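Visitor: I am new to this structure, and I would like a close look at one part of it: the place where the ligand sits. Could you walk me through it?

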Amino acid sequence: MTESFYIPQTLSREEKYKSFLPQLKSLVKAETDCIANLANITSALKYTFHFFWVGFYFVKGNELVLGPFQGTLACTRIPFGKGVCGTCWQKQEVVVVPDVEKFPGHIACSSFSKSEIVLPIFNKEKQVVMVMDIDSDKKNDFDATDSFYLQQIASLIETFI
Ligand code: SME
């Protein structure tokens, strides 16, 4: 496997996503273990886009439990409907938070996190089985472009879980 993706840092974020996706597909195709693939996806996203924090929370009973991630230490358990991640699970839809301080009930794992996007990941029975959480240290860092391409990554993940 390749040690890193080839994505010039001079590209716009959208161009980076376009280059990122096929490389990510090849990477996960080469491995069958779900955790191994999720771990590499967090690294690829963090080091390509320089997000502050990238990780997964798994649905376990009535809470989310921390899974593979890249970034600073994070809270390990999030109840259903709580915080941005628990809200994403409850609503079963992408949640974009331009300013975490304005999101009621936001769970602050780090004071450096300023904006956030969380995407649900569904199993074949259309149940949310995990969420993908990405934090930025800049306000307003996520928009419809991120949502569009990150949903493609979520769909890719749904093929191997
Ligand atoms: N901010 C999230 C908690 C997870 S951390 O950002 C890693 C939330 O409100 O659910």
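**A close look at the ligand site**

Guide: Happily! Let us begin with the whole protein, whose secondary structure comes to four helices and six strands. Please keep in mind that this is a predicted model. If you follow the chain from the N terminus on, the elements run α-α-β-β-β-α-β-β-β-α. The C-alpha atoms fill a box of roughly 40 × 35 × 25 Å along the principal axes. The radius of gyration is 15 Å, which agrees with a compact globule, because a globule of 161 residues would come near 15 Å.

Now to the part you asked about. The ligand is surrounded by 13 residues, and the closest are Val 84, Cys 85, Ile 107, Glu 116 and Asp 135. By kind, the residues of this shell divide into eight nonpolar, two polar and three charged.

Three of the closest residues are worth a visit in turn. At Cys 85, it is the backbone that matters for our tour: one of its N or O atoms lies 2.9 Å from an oxygen atom of the ligand. With Glu 116, look at the side chain instead, where a polar atom lies 3.1 Å from a nitrogen atom of the ligand. Asp 135 also offers a polar side-chain atom, and this one lies 2.8 Å from an oxygen atom of the ligand.

How much of the ligand is covered by the protein? Taken alone, the ligand exposes 300 Å², and the protein buries 99% of that. The space that the ligand takes is the largest cavity.

Finally, here is where the shell comes from along the chain. The elements that give two or more residues to it are β1 (53-60), α3 (83-91) and β6 (128-136). Of these, α3 gives the most, with three residues.

Notes: Residues numbered from 1 in each chain as written. Predicted model: local features only at pLDDT ≥ 70, side-chain atom pairs only at ≥ 80, totals over all residues. Heavy atoms only, no water. Near = heavy atom within 4 Å. Polar contact = N/O pair within 3.5 Å; in protein donor to acceptor, adjacent residues only side chain to side chain. Areas by Shrake-Rupley, 256 points an atom, 1.4 Å probe, with all protein chains shown as cover. 1 Å grid on protein atoms, 1.4 Å probe; cavity = no way out; pocket = protein on both sides within 12 Å on 5 of 7 lines; lining within 4 Å. Sits in = over half its atoms within 2 Å of the grid points. Nonpolar A, V, L, I, M, F, W, Y, C, P; charged D, E, K, R; others polar. Rg over C-alpha atoms; globule rule 2.2 N^0.38 Å.
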